[in-house]
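Visitor: I would like to learn how the terms used for a protein structure are justified. Could you take me through some of them, step by step?

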Amino acid sequence: MTSSRQIALAVSAFALLSTVACSGSSEPGGETANTEAVLGPPPTVEQLAAKVGCTPDIQVDAAELRTGACETKDGQFFVNTFATQQGKDEWMDQAPEYNPHLVGNLWTVLGERPVLDALRVRLGGDLHLSDHRVKSPAPAADPVVDTGSDTGGY
């Protein structure tokens, strides 16, 4: 991973931590509890990494955000987990738009497109391409192809 991408990730993590620290915490029974009731508890960095055969090197270990760097035969990537949906949304608003993201329940994986295509098979999630707010439709059997005309959204 290039140093400019590592710097972009670090800036994104700092922005999220700053925003979350200023915004207060979720009330008991709030959005995190509601998300867990519907989707189950979110996975940890370690659980996601284990699914793809990696022991993560934890880069950020805060209550609101945890980030682990991983490398497998598929390539290098970062696994991020979030305490709340708001924290995840704020991180994604600051995330580098030039990198695709694999996005799931209170987690994201940031990496190169071929790496995410391989990881998606084992992790699931939605692939967000050039604009992280727009997910690509899941293909029947082939990897997602970015035509630049994706108009779906959340």
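**How the terms are earned**

Guide: Let us begin in the sheet, where Ile58 stands opposite Gly68 in E2; please keep in mind that this is a predicted model.

Visitor: What makes E1 and E2 a pair of strands?

Guide: Two strands pair if there are at least two bridges between them, and four bridges join E1 to E2, so they count as paired. These two strands run antiparallel.

Visitor: In which order do the strands of the sheet lie, and how do they pair?

Guide: Six strands form an open sheet in the order E1-E2-E3-E5-E4-E6, with antiparallel pairing. Neighbouring strands of this sheet are turned by 20° against each other on average, if direction is ignored.

Visitor: Why are E1 and E6 called edge strands?

Guide: Each of them, E1 as well as strand E6 (126-128), pairs on one side only. As for what lies across the sheet's strands, helix H5 (residues 113-123) lies across E3, E4, E5 and E6, and runs at about 145° to E5.

Visitor: How do you know that Cys54 and Cys70 form a disulfide?

Guide: The sulfur atoms of a disulfide must be within 2.5 Å, and those of Cys54 and Cys70 are 2.2 Å apart, so the pair meets the rule. By this rule the count comes to one disulfide. Cys54 lies in the loop between helix H3 (45-51) and strand E1 (57-61), while Cys70 lies in strand E2 (residues 65-72), so the disulfide ties together parts that are 16 residues apart in sequence.

Visitor: Why is this disulfide called left-handed?

Guide: The torsion about the S-S bond of Cys54 and Cys70 is about -100°, and therefore the disulfide is left-handed.

Visitor: What makes Cys54 buried, and Gln47 partly exposed?

Guide: Buried means under 20% relative accessible area; Cys54 has 8%, so it is buried, and Cys70, at 5%, counts as buried by this rule. Gln47, which has its place in helix H3, has a relative accessible area of 45%, which lies between 20% and 50%, so Gln47 is partly exposed. A polar atom of the Gln47 side chain lies 2.8 Å from the backbone nitrogen of Thr44.

Visitor: Why is the pair of Phe82 and Trp91 called tilted?

Guide: Rings pair if their centres lie within 6.5 Å, and the centres of Phe82 and Trp91 are 5.7 Å apart, so these rings are a pair. Their planes stand at 55°, which is neither under 30 degrees, as for stacked, nor over 60, as for edge-to-face, so the pair is tilted. A search of the whole structure finds one aromatic pair, and both Phe82 and Trp91 are buried.

How values were computed. Residues are numbered from 1 along each chain as its sequence is written. This is a predicted model: local features need pLDDT of at least 70, side-chain atom pairs count only at pLDDT 80 or more; totals for chains, interfaces and linings use all residues. Side-chain values use heavy atoms; hydrogens and water are left out. Buried means under 20% relative accessible area, exposed over 50%, partly exposed in between (1.4 Å probe, protein chains only). Rings of Phe, Tyr and Trp (its six-membered ring) pair if their centres lie within 6.5 Å; planes under 30 degrees apart count as stacked, over 60 as edge-to-face and the rest as tilted. A polar contact is a pair of N or O atoms within 3.5 Å; within protein, one must be able to donate a hydrogen and the other to accept it, and residues adjacent in sequence count only if both atoms are side-chain atoms. Axes are lines fitted to C-alpha atoms, for helices over the stretch in contact, and angles run from 0 to 180 degrees between N-to-C directions. Contact means heavy atoms within 4.5 Å.
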